[in-house]
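Hi everyone, thanks for coming. Today I'd like to walk you through a structure that is new to most of you, so let's bring it up on the screen.

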Number of protein chains: 2
Amino acid sequence: MDVRRLELLRELAERGSVTEVARATHRTPSAVSQQLRILEREAGLPLTEKAGRGIVLTDAGRALARSATDVAVAISRASALWDEFRNDPTGEVSLATFPTGGQMLLPGTIRRLDAVGGLILHASDRDPESDDFPGLTADFDIVLAHTASPAATNWPAHELAAVKLMTEPLDIALPPGHPLASKELLDPEDLIGERWIGVPWGYPFERTIHDISAAAGSPMNVVQRFGDTRVTEAFVAAGLGIAILPCYTAGGAYRSEIVLKNLRGVVAERHIFALMRPDRAERLAVRTVVDALRAEADAVVAANEHRNPPRA
Amino acid sequence: MDVRRLELLRELAERGSVTEVARATHRTPSAVSQQLRILEREAGLPLTEKAGRGIVLTDAGRALARSATDVAVAISRASALWDEFRNDPTGEVSLATFPTGGQMLLPGTIRRLDAVGGLILHASDRDPESDDFPGLTADFDIVLAHTASPAATNWPAHELAAVKLMTEPLDIALPPGHPLASKELLDPEDLIGERWIGVPWGYPFERTIHDISAAAGSPMNVVQRFGDTRVTEAFVAAGLGIAILPCYTAGGAYRSEIVLKNLRGVVAERHIFALMRPDRAERLAVRTVVDALRAEADAVVAANEHRNPPRA
DNA sequence: ACGTCCATGTAGGGACTCTACAGCGACGCC
DNA sequence: GGCGTCGCTGTAGAGTCCCTACATGGACGT
């Protein structure tokens with residue numbers, strides 16, 4: 001019935017507790033509870049049930065919450081339409097990113113947006129280890145996320161809008177004096193017996209290292225695990241092991257002390273996406289930022305293709 | 001921004017005046033005017049302009065009104081979803097129909113709906129001559145309309161939901177003693193020189209009579225024009241001319257005094273539709289009525305096919 | 001047993017939107 | 001041209017609705 005109450009139910013479905021919804025919507029828990037109660041009375045059937053200290057949605061509640069998304073999308077679309085009429089993509093957009101994504105894309109994106117003007121982008125980076133990136137879409141308009149294989153993500157595909165920004169190859173990073181540094185292309189078998197600087201459990205590259213093991217027919221020897229590529233690069237530069245790194249961002253302060261080599265026989269790449277709640281994806285300001293991100297991503301790919309032509 | 005205000009703008013787009021919107025939404029014109037003013041301030045650009053005593057929408061206003069339809073559809077859909085959860089297609093549904101459509105379909109439809117229970121259908125008939133049937137969708141949930149050629153209607157296709165109910169053949173009605181009454185099938189040429197009991201200008205059958213003239217190569221001689229088929233039937237029964245009549249409803253009190261003949265060489269049929277505003281079409285109660293109408297229409301067609309097998 | 005956390009009631013204040021009434025320009029009729 | 005009608009808009013006030021502040025009560029952990 002009432003749209004604002006439906007919206008509240010949707011927030012509850014995403015955040016899971018009255019208190020969280022209250023905080024996100026700048027209300028007291030009491031206000032949220034009252035509105036949900038009214039909604040439940042209107043609906044004529046229970047939407048929530050108690051679960052320990054908190055509450056959980058019933059099946060009916062979840063179904064209604066899902067339909068609330070469609071309502072929110074329609075409203076956002078209407079709102080965007082009249083922003084278009086004023087030709088006015090003004091507003092504030094919040095964005096969360098993993099560190100290397102922000103490093104690679106955001107400066108150029110901001111420069112592109114400044115050329116348009118009137119749009120404020122609040123960006124911040126998140127720890128890939130501790131944060132649930134799809135879940136961040138509840139609090140950020142745009143979330144940059146990466147995955148080794150889009151098909152294998154557990155992203156709720158129909159609850160989230162996902163825009164592909166780019167595919168970035170993953171390269172093998174070696175110290176300059178390493179015996180393999182003279183080879184043009186590396187094969188998985190070359191890497192047997194090497195000491196690896198890996199990533200924490202659950203990181204996207206983990207899967208790629210696993211694929212290399214499978215292709216080589218021998219497990220890889222991961223001796224260190226770092227989430228921050230700067231640490232990984234320092235270790236590789238110091239000759240303490242080899243690593244897998246995204247090729248457009250790898251190097252940094254150590255660019256002269258690290259050699260990057262392509263790998264054949266294994267699909268080694270990461271896919272970078274912009275994730276959004278579908279209603280937020282409709283906002284004109286958000287769409288403008290996503291367009292800038294896509295343009296910047298294309299530019300980064302083009303610049304690197306030029307330096308480093310595509311492999312077979 | 002605000003859904004209720006958007007809805008008001010949509011009503012204004014359909015009804016064309018603040019006073020009409022106020023009447024339809026049970027408000028004072030002042031309230032409507034105030035809300036539109038607020039919406040205009042929020043939109044940041046003029047949505048209406050003065051035109052004589054009244055106002056008209058600007059291009060921007062019309063565009064916003066159109067997007068308001070999508071919002072209304074999403075809300076109706078959400079509302080219907082939870083009616084489905086309660087398995088409760090309760091509510092009141094209003095319906096307007098042309099007379100022969102109501103005569104043919106409504107008694108059976110009501111009987112079907114009574115079997116479900118809890119649903120109240122308010123039906124009324126409208127004069128096909130004086131009423132704008134698509135426009136009636138502003139005031140009725142369902143409007144039954146007929147047309148000789150669906151492609152040639154001026155119905156605003158994307159603003160209205162149209163559900164095809166049935167196609168009804170149009171037959172030539174003759175007095176029993178008429179020379180043509182002995183023929184199995186009539187050809188357009190047979191009808192040259194006959195006196196016709198026609199329909200008022202603008203009625204659907206008018207087009208069919210025109211097609212017959214074209215096929216016969218000679219204009220038909222329309223001497224009387226009646227909107228009500230009972231008058232037409234009385235004239236035919238009295239031997240005062242021939243007419244074209246929808247075959248499932250023709251006859252009535254005069255069934256024994258009228259002969260119906262199929263016509264070949266001309267597409268003589270009318271198509272019966274249920275027209276609805278798209279948001280209303282989503283309501284569960286409305287969908288239930290439409291389903292009953294479709295079932296009844298199919299039954300009518302089947303019953304008549306049985307009596308009168310399909311022609312070549 | 002006690003503190004904490006979370007949801008939910010109650011009372012009251014504030015914002016919003018409606019009605020009643022009046023004003024004003026446009027149109028048409030005489 | 002005067003005058004009545006029609007339609008939109010402004011102002012003041014009343015009613016409704018929603019939110020905050022505060023209190024209550026159940027669930028969990030120590």
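Let me start with a question: of the atoms of DNA strand D within 4 Å of the protein, what percentage belong to sugar or phosphate? The answer is 66%, and the rest belong to bases. Before I go on, please keep in mind that this is a predicted model.

Let's stay with strand D for a while. There are 22 residues surrounding DNA strand D, and the closest are Arg27(A), Thr28(A), Thr19(B), Ser30(B) and Ser33(B). So you can see both chain letters in that list.

Now for some individual contacts. On the phosphate side, the side chain of Arg4(A) has an N or O atom 3.2 Å from a phosphate oxygen of DNA strand D. On the base side, Ser30(B) has a side-chain N or O atom 2.6 Å from a base oxygen of DNA strand D. Arg53(B) also reaches a base oxygen of that strand, with a polar side-chain atom at 3.3 Å.

Which elements do these surroundings come from? Two or more residues each are given to the surface near DNA strand D by α1 (3-15) and α3 (29-43) of chain A, and by α2 (18-24), α3 (29-43) and β2 (54-57) of chain B. The element that gives the most is α3(B), with 5 residues. If we sort that surface by class, we get 4 nonpolar, 12 polar and 6 charged residues.

Over to the other strand. DNA strand C has 22 residues around it, and Val18(A), Thr19(A), Ser30(A), Arg27(B) and Thr28(B) come nearest. For strand C, 65% of the atoms within 4 Å of the protein are sugar or phosphate, with bases making up the rest.

Here are three contacts to phosphate oxygens of DNA strand C. Ser33(A) places a polar side-chain atom 2.9 Å from one. Thr28(B) uses a backbone N or O atom, 2.7 Å away from a phosphate oxygen. Gln35(B) has a polar side-chain atom 3.2 Å from a phosphate oxygen.

And which element supplies the largest share of the surface near DNA strand C? That is α3(A), with 5 residues. At least two residues each come from α2 (18-24), α3 and β2 (54-57) of chain A, along with α1 (3-15) and α3 of chain B. By class, the surface near strand C has 4 nonpolar, 12 polar and 6 charged residues.

Next, how do the two protein chains meet? In all, 21 residues of chain A are in contact with 21 residues of chain B. Together the chains bury about 2,000 Å² between them, and 81% of that is on carbon and sulfur atoms. The count of salt bridges between chain A and chain B is 0, and 2 residue pairs are in polar contact. On the chain A side, α1, α3 and α4 (59-85) each give two or more residues, and α4(A) has the largest share, 13 residues. That side of chain A has 15 nonpolar, 2 polar and 4 charged residues.

Last stop: helix α4 of chain B, residues 59-85. At 1.5 Å a residue, its 27 residues should span 39 Å, and because the end C-alpha atoms are 40 Å apart, the two figures agree. Just after α4(B), look for Asn87(B), which takes a positive phi of about 55°.

That's my tour, and I'm happy to go back to any part of it.

Technical notes: Residues numbered from 1 in each chain as written. Chains lettered and ligands numbered in written order. Predicted model: local features only at pLDDT ≥ 70, side-chain atom pairs only at ≥ 80, totals over all residues. Heavy atoms only, no water. Helix = DSSP H or I, 4+ residues; strand = E, 2+ residues; numbered from the N terminus. Expected span 1.5 Å × (residues − 1). Near = heavy atom within 4 Å. Polar contact = N/O pair within 3.5 Å; in protein donor to acceptor, adjacent residues only side chain to side chain. Nonpolar A, V, L, I, M, F, W, Y, C, P; charged D, E, K, R; others polar. Contact = heavy atoms within 4.5 Å. Buried area = accessible area lost by both parts, 1.4 Å probe. Salt bridge = Lys/Arg side-chain N within 4 Å of Asp/Glu carboxyl O.
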